[in-house]
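Visitor: I've got a model to look at and a few things I'd like to ask. Could you walk me through it?

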Amino acid sequence: MTDTSQSRPDFTRKRRQKDRKAVIKEGSVVQAAFLAYQKELDAKHDRAERLVKASRDLTTCSKRIIFQLHRVVGAADRAPILAEAETKFGEAKRLFEKIAAELAEDASADATHRYRRQYKWGVQEYVEALTFYHYCKNRSLIGFEETSKELEFESTAPDADSDGSGSPPPPKQRNRSLRLVL
């Protein structure tokens with residue numbers, strides 16, 4: 001038996017391509033809608049990538065804090081080691097602010113939940129470093145309330161309220177509290 005499908009041209013595929021070109025004309029409403037969807041999806045993917053990078057940086061910074069704190073165990077004077085760890089926490093806070101600002105750019109109310117997979121690993125590592133730091137300093141575990149306070153940020157975010165005219169309004173700046181969740 002010979003395969004004749006390769007020798008015959010595929011008329012149905014060509015016909016479908018021709019029909020598809022006839023249906024979606026350049027400059028049509030459908031094409032404009034799909035271009036808008038493309039821009040929206042590209043923006044979401046770009047934001048997710050930036051959050052992954054910031055989370056990776058936060059993980060690295062938190063691991064450095066933990067390695068720093070491991071030296072407390074055998075040290076006679078813990079104060080300089082804890083002071084150096086505190087300065088590294090300042091760097092971690094800047095990375096947190098970067099994540100919070102990125103989440104605040106998304107005008108939707110569920111941005112912290114939508115992008116949770118992108119930043120949760122950095123937050124978990126930070127909480128581990130914070131817990132270890134608190135234990136080394138105070139010889140007790142940090143409470144949930146204190147940890148939650150460390151994960152709250154005030155950010156200026158665009159407000160997407162509409163004026164009812166159908167066109168999107170220019171974004172107004174407003175402050176909102178942002179809590180990073182695990």
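What follows is a short round of questions and answers on this predicted model.

Visitor: Let's start with His-134. Is His-134 buried or exposed?
Guide: His-134 sits in helix α5, which covers residues 116–138. Its relative accessibility is 13%, and the cut-off for buried is under 20%. So His-134 counts as buried.

Visitor: Which residue has its backbone oxygen 3.0 Å from a polar atom of the His-134 side chain?
Guide: Leaving aside neighbours within four places in sequence, His-134 is in contact with Arg-139, Ser-140, Leu-141, Ile-142 and Glu-146. For the 3.0 Å pair, the partner of the histidine side chain is a backbone oxygen, and that oxygen belongs to Ser-140.

Visitor: Arg-139 is on that contact list too. What is its phi near?
Guide: Arg-139 is found in the loop between α5 and α6. Most residues other than glycine have a negative phi. Arg-139 is not glycine, yet its phi is positive, near 60°.

Visitor: And is Arg-139 buried or exposed?
Guide: Over 50% relative accessible area is the mark for exposed. Arg-139 comes in at 53%, so the label for this loop residue is exposed.

Visitor: Moving to the surface, which residues make the nonpolar patch of about 330 Å²?
Guide: One of them is Phe-34, which lies in helix α2, residues 29–70. At 55% relative accessibility, Phe-34 counts as exposed. The full set making the patch is Val-30, Phe-34 and Tyr-37.

Visitor: Now for charges. How many salt bridges does the structure hold?
Guide: Side chains of opposite charge can pair when their charged atoms come close. Counting a Lys or Arg side-chain nitrogen within 4 Å of an Asp or Glu carboxyl oxygen, the total for this structure is eight.

Visitor: Which residue does Glu-40 meet in a salt bridge?
Guide: The partner lies in helix α2 along with Glu-40, four residues apart, about one turn of the helix. Glu-40 is partly exposed, with a relative accessible area of 45%, and the partner is partly exposed at 27%. The N to O distance is 3.6 Å, and the residue is Lys-44.

Visitor: How far apart are the closest N and O atoms of Glu-84 and Lys-88?
Guide: Both residues lie in helix α3 (residues 79–105), four residues apart, about one turn of the helix. Glu-84 counts as partly exposed at 35% relative accessibility, and so does Lys-88 at 22%. Their salt bridge has its closest N and O atoms at 4.0 Å.

Visitor: What about Glu-150: which residue does it form a salt bridge with?
Guide: The closest N and O atoms of Glu-150 and Lys-93 are 3.1 Å apart. This pair links distant parts of the chain, with Glu-150 in helix α6 and Lys-93 in helix α3, 57 residues apart. Glu-150 is partly exposed at 25% relative accessibility. Its partner is also partly exposed at 25%, and that partner is Lys-93.

Visitor: Last one: which residues are linked in a network of salt bridges?
Guide: Here the links go beyond a single pair, since two arginines and two glutamates are joined in one network. The names to look for are Arg-47, Arg-50, Glu-102 and Glu-105.

Conventions:
Residues are numbered from 1 along each chain as its sequence is written. This is a predicted model: local features need pLDDT of at least 70, side-chain atom pairs count only at pLDDT 80 or more; totals for chains, interfaces and linings use all residues. Side-chain values use heavy atoms; hydrogens and water are left out. Helices (H or I, at least four residues) and strands (E, at least two) are DSSP runs, numbered from the N terminus. Buried means under 20% relative accessible area, exposed over 50%, partly exposed in between (1.4 Å probe, protein chains only). A polar contact is a pair of N or O atoms within 3.5 Å; within protein, one must be able to donate a hydrogen and the other to accept it, and residues adjacent in sequence count only if both atoms are side-chain atoms. Contact means heavy atoms within 4.5 Å. Patches are made of residues with over 30% relative accessible area and no salt bridge: like charges are joined within 9 Å, nonpolar side chains (Val, Leu, Ile, Met, Phe, Trp, Tyr) within 5 Å. Accessible areas come from the Shrake-Rupley method with a 1.4 Å probe; for residues, only the protein chains shown count as cover.
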